[in-house]
Amino acid sequence: MPMTVSHALTDSLVDAQGIDLHMHSTASDGALSPAELVALCHQRGLTHIALTDHDTMAGVEAAEAAASSLGLQVMPATELSCQWRGVNIHVVGLLPEGAQGDLVEGLRRQSEARRARAQEIARRLEGVGLSNALERAQQQAGGERPLGRPDFARALVDAGLVPDMASAFKKHLGAGKRGDVKMHWPYLSEVVEWIRSASGVAVLAHPLRYGLTRRKRGQLLDDFLAAGGEAAELVNGFQNPDVTRDLARQLDARAMLGSLGSDFHFSGGPIAPGTMSPLPRTALAPVWSHPTLSQYAGAGARRT
Ligand code: AMP
Ligand code: MN
Ligand code: MN
Ligand code: MN
């Protein structure tokens, strides 16, 4: 057994190792329980992780409990759904103090919004032939957890209406399709405010996954900064290296902090905890250099 020594976090993004600040568990649309996820992260040599379940922190306590005996550091976090100019945007909150201030009510509203949205998605999918859509999705979720679009995608596959998950999103649930219901989500600035109210750091998740032009992405970054956001994911899972370098320039020009993560949901695919494209050489400071996260950055540094 390795000694329970936390490793120092480097002050450069490109040298970052053993860090994954974007992952999902069964508290949202992930396949592993928080404890199973933490065990897998440990097995894979990770030292610092953030559990970023969609619109909930319900898995954080269990992840922390599992991590404490393994010498792994878990940053409490969540990935909040919101909208910006009609686009469904995700904002990761890194929340060392947990849910505090306006975030408490914010998370309650997100769970309500998710419930209302699921009903609307179900109504729309019944229109394309998925009877009892809500019950079917809940069955796919395998429990009472809040429903997400992947649960509806599985229900469509299970009912034989589409051949696979990718087709389910392409035909019915992806951006602009009838099952892409955004109206229940708060505006970008609101969720950033909740995170700040909880003394957390707001990180724009996967800026390359919204189908935006470079110019529009720049506007998103500007609005995110104006709202009080401070960081963005430079790498999320696999990305094109040229586009990643370009994103690094956009973040650098705005003096934003950089974050990184696998966006792991389940085993058996190309992504595992800690799996992501290589970081480009960049002068961007890592998000863990933020004073608010010093308890993580400093934990190992004192021991080396
Ligand atoms: P929701 O949080 O309910 O809006 O669902 C969004 C989630 O659906 C994302 O976090 C992914 O886990 C998943 N997802 C999005 N696009 C796809 C896709 N094309 N294929 C499979 N899963 C997807
Ligand atoms: Mn997801
Ligand atoms: Mn996301
Ligand atoms: Mn995610």
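Donors are here taken to be N, O and S atoms within 2.8 Å of the metal (3.2 Å for Na, K and Ca), and since water is not among the atoms, sites may look incomplete. By that definition, the donors of the manganese ion (ligand 4) follow the spacing H-x1-H-x54-E-x183-D along the chain. The model is predicted, with local features needing pLDDT of at least 70 and side-chain atom pairs counting only at pLDDT 80 or more, while totals for chains, interfaces and linings use all residues. Residues are numbered from 1 along each chain as its sequence is written, chains are lettered from A and ligands numbered from 1 in the order in which they are written, and side-chain values use heavy atoms, with hydrogens and water left out.

The two sites compare as follows.

| Ion | Donors | Distances | Separation from manganese ion (ligand 2) |
|---|---|---|---|
| manganese ion (ligand 4) | His22 (NE2), His24 (NE2), Glu79 (OE), Asp263 (OD) | 2.1 to 2.3 Å | 4.7 Å |
| manganese ion (ligand 3) | Glu79 (OE), His90 (ND1), His206 (NE2) | 2.1 to 2.2 Å | 5.8 Å |

Along the chain, the donors of the manganese ion (ligand 3) follow the spacing E-x10-H-x115-H. Within this site, Glu79 in strand β3 (residues 73–84) and His90 in strand β4 (residues 87–94) form a pair, 11 residues apart, that links distant parts of the chain; strands are DSSP runs of E, at least two residues, numbered from the N terminus.

Both Glu79 and His90 are buried, a term meaning under 20% relative accessible area, with exposed over 50% and partly exposed in between (1.4 Å probe, protein chains only). Among the donors of the manganese ion (ligand 4), His22 counts as buried because its relative accessibility is 0%, and His24 is likewise buried, with a relative accessible area of 0%.

Key
Helix = DSSP H or I, 4+ residues; strand = E, 2+ residues; numbered from the N terminus.
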